[in-house]
Amino acid sequence: MIGLSWHDDLLSLHKRREFTPGYFIDLQDIVGELGIKDLSLQKIYANIFHQKISKRQRLTNWEADILNDKQKEYAATDAWTCINLYEEIKQLLSTGDYDLIVSEEPAISTND
């Protein structure tokens, strides 16, 4: 399975029921090879595809017994996004067909 921040998800799943996890690929573990430092799904997606994805449903009640349509759409978008990112990251790493653009960190003022 491909996703983001699997550690947290696996801890949550273990609280519900004991199981043996299978093979998981965490995008946060591989994007560093491309020089990406911000590890949120939105930022990774923006860096790779130069587009935004909506994360509006993130703060809804995920403990509900039945998810609403917007939550289901959010979860499906999350899964689809991770799969597309993984395939693109593999392609970029195998071809080296990307440019690393390093932006300067903003200076932190200590005079405040």
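## Orientation of α3 and α4

Angles under 35 degrees count as roughly parallel, over 145 as roughly antiparallel and 65 to 115 as roughly perpendicular, while the rest are called oblique. In this predicted model, helix α3, residues 41–49, packs against helix α4, residues 69–95, at an angle of about 45°. That angle falls in none of the three named ranges, so α3 and α4 are oblique to each other.

The axes of α3 and α4 lie 11 Å apart. The crossing of α3 past α4 is left-handed.

## Residues at the contact

On the α3 side, the contact is made by Leu41, Ile44, Tyr45, Ile48 and Phe49. Their partners in α4 are Asp78, Trp80, Thr81, Cys82, Asn84, Leu85, Glu88, Ile89 and Leu92. Sorted by class, the residues in this contact are 10 nonpolar, two polar and two charged.

## The chain as a whole

The chain contains four helices and two strands. Read from the N terminus, these elements follow the order β-α-β-α-α-α.

The chain has 112 residues, and 23% of them are buried. Its exposed surface comes to about 9,000 Å², with 51% supplied by carbon and sulfur atoms. Among contacts in the chain with a separation of 6 or more, 49% join residues 24 or more positions apart.

Key
Residues are numbered from 1 along each chain as its sequence is written. This is a predicted model: local features need pLDDT of at least 70, side-chain atom pairs count only at pLDDT 80 or more; totals for chains, interfaces and linings use all residues. Side-chain values use heavy atoms; hydrogens and water are left out. Axes are lines fitted to C-alpha atoms, for helices over the stretch in contact, and angles run from 0 to 180 degrees between N-to-C directions. A crossing is left-handed if the near helix is turned anticlockwise from the far one by less than a right angle, and right-handed if clockwise. Contact means heavy atoms within 4.5 Å. Ala, Val, Leu, Ile, Met, Phe, Trp, Tyr, Cys and Pro count as nonpolar, Asp, Glu, Lys and Arg as charged, and the others, Gly among them, as polar. Buried means under 20% relative accessible area, exposed over 50%, partly exposed in between (1.4 Å probe, protein chains only). Accessible areas come from the Shrake-Rupley method with a 1.4 Å probe; for residues, only the protein chains shown count as cover.
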